[in-house]
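Subject: Structure for your review

Dear colleague,

Please find the structure below, handed over for your own work. I would be grateful if you could read my notes alongside it.

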Amino acid sequence: MAAAVTAAPKGNGGSRGQVGAGEADCTGTKGPGPLATAYLVIYNVVMTAGWLVIAVGLVRAYLAEGSYHSLYYSIEKPLKFFQTGALLEILHCAVGIVPSSVVLTSFQVMSRVFLIWAVTHSVKEVQSEDSVLLFVIAWTITEIICYFFYTFSLLNHLPYLIKWARYTLFIVLYPMGVSGELLTIYSALPFVRQAGLYSISLPNKYNFSFDYHAFLILVMISCIPVFPQLYFHMIHQRRKILSHTEEHKKFE
Amino acid sequence: MFKRHRSLASNRKRELFFQGVSRSIMKNDMRNFHSLSQLVLSAGPLKATPAVKHSKTTHYEIEILDAQTRKQICMVDKVTQTATIHDVKEKFHKACPKWYPSRVGLQLECGGPFLRDYITIQSVATSSIVTLYFTDLGQQVSWTTVFLAEYTGPLLIYLLFYLRISYVYDMKESTRRVRHPVVHLACFFHCIHYIRYLLETLFVHKVSAGRTPLKNLIQGCAFYWGFTSWIAYYINHPWYTPPSFGNRQVTVSAINFLICEAGNHFINVMLAHPNHTGNNACFPRPNYNPFTWMFLLVSCPNYTYEIGSWISFTVMTQTLPVGIFTLLMSIQMSLWAQKKHKVYVKKFNSYMHRKSAIIPFIL
């Protein structure tokens, strides 16, 4: 769900993410100033490097251990650091140096951060599951391509390959990420119920109760209407943007 | 501009007529009379075109295009100079019956602001043919319907929870414990609050005849009904914990609640007075009624009193969900108050000295 939500509107140039050179913005807004552009380039380069570190870490751990179970532990720290660092993107939108909607971006980033901290970190038993690996791989590949894309767009030097990769690989990565996330939440449920994690029950002084188990189930159910919508929206975007580029190529 | 066009056109016609006449006479003598009469009948005026005075009845033609496909939907013609956007919408409705006027959004350019109903065509027209872009604003409902739905729901929902229907609460627990008086008081106050809202919507507020998209109705109802269910569940729960400071807390907040309710009511009555609504409104002046003295400090005391009532209700029941509801309502009302405050400052600069929008001296 989080992967989906991040991948999809990222594909839509107007939502999360900087408007690249190849994407027409019908309102014709100016880009960020030179200082902001420099900062954004540095930010995107750092994030790309971070996710590359995670990718390399995964490959090394796999080669060292010979199996793909429990690879989460080898990249736990960089994953937490760089995914949480994506919170800065909300700030970018709020300040205005990135022309995206604050609400949409915060929704995406918060859902990722929620999965990392409130599910995977909090429920230790879930960390050795294969579903964690599923969404980690999906996120890693997606984020590397996306941050490459943003870096090159800001520098106005977007290679077609990166654009193609961003708008095509999601077809596989998106469902992969969503299934990984849902399976992780599902496997965390019994442990949450057993430990009464993050739950408050009546009676108490403030007459409030919260059942984290029910909340997680609600989160899972809310994915169901969202996923197909975003997926087909991304496919539509892909058709629009990639054919737009081909037309440009023909005329050149 | 029109005069010149017409005289040029008629000149051209006359030239052609003469040319045509001479040619046909030379060519065909047999059918002279016939062709001549034909030409005479088809030609324009033989005498010089009289000077066309500036027509007072210049008609506009409005071309209505779909905002997304840019295709023409229809042409509204014979629109007089003094016609407004509202008249155009009515004519459009006659031509295309399914778009009733309140559902139609007309823009001068794609992505521009929607034109208000009172704007005249003359003020936006640059030529005799005006192009407007049409957007379907969706199914519309009147504001009164929206308010009635939003306020009736909480009233009934809270009572359902109060009566402790078996689905919601465990019956054994419910019958065993005696309810604290504050639970009954909370129900009573909650009902007073919403009954007052309903009566004011029906009899006091001069709601503009405007309508709003159906989406707003759904959203508003979802918000009010959802939150009311949530707070009613906790207050009427068998395991409800009464306030920590006991009767003192309840009494003080109850009195505060009643004061704020009365204040809100009097302010609403005052705002509904013809002097204070509509385009020629003047800023409300505090009178002998002490509740209206809030106008000296803030520009939107109705919101101030409403936030006050909800805070009192929260303190009285000491329930966190009510607090969350109060917080959200306060944020929403502050935004509305700020907007209104800006309008007031522009309009009534002299009255607005040292006034704040919603909370005295702070916001």
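The findings are set out below, chain by chain.

Please bear in mind that this is a predicted model.

Chain A is helical in its secondary structure, with nine helices and zero strands. From the N terminus on, its elements therefore read α-α-α-α-α-α-α-α-α under the DSSP assignment of helices and strands. Of the 252 residues in chain A, 47% are buried. Among contacts in this chain with a separation of 6 or more, 77% join residues 24 or more positions apart. The exposed area of chain A is about 12,600 Å², and 70% of that area comes from carbon and sulfur atoms.

For chain B, an unreviewed UniProt entry places the feature "transmembrane region" at residues 151-169, 217-235 and 319-337. In the model, residues 217-235 of chain B are 100% helix and 0% strand, with end C-alpha atoms 27 Å apart. Residues 151-169 of chain B are 63% helix and 0% strand, and here the end C-alpha atoms lie 25 Å apart.

A nonpolar surface patch draws on both chains: Tyr206(A) joins Leu320(B), Ile324(B), Leu327(B), Leu328(B), Ile331(B) and Leu335(B). Together these residues have about 630 Å² of accessible area. One of them, Ile324(B), sits in helix 11 of chain B, which covers residues 320-347. Is Ile324(B) buried, partly exposed or exposed? Ile324(B) counts as partly exposed because its relative accessibility is 30%, and partly exposed denotes values between the 20% limit for buried and the 50% limit for exposed.

With kind regards

Conventions:
Residues are numbered from 1 along each chain as its sequence is written. Chains are lettered from A and ligands numbered from 1 in the order in which they are written. This is a predicted model: local features need pLDDT of at least 70, side-chain atom pairs count only at pLDDT 80 or more; totals for chains, interfaces and linings use all residues. Side-chain values use heavy atoms; hydrogens and water are left out. UniProt positions are given in the numbering used here, feature names are shortened, and annotations may be inferred rather than shown by experiment. Helices (H or I, at least four residues) and strands (E, at least two) are DSSP runs, numbered from the N terminus. Patches are made of residues with over 30% relative accessible area and no salt bridge: like charges are joined within 9 Å, nonpolar side chains (Val, Leu, Ile, Met, Phe, Trp, Tyr) within 5 Å. Accessible areas come from the Shrake-Rupley method with a 1.4 Å probe; for residues, only the protein chains shown count as cover. A salt bridge is a side-chain nitrogen of Lys or Arg within 4 Å of a carboxyl oxygen of Asp or Glu. Buried means under 20% relative accessible area, exposed over 50%, partly exposed in between (1.4 Å probe, protein chains only). Contact means heavy atoms within 4.5 Å.
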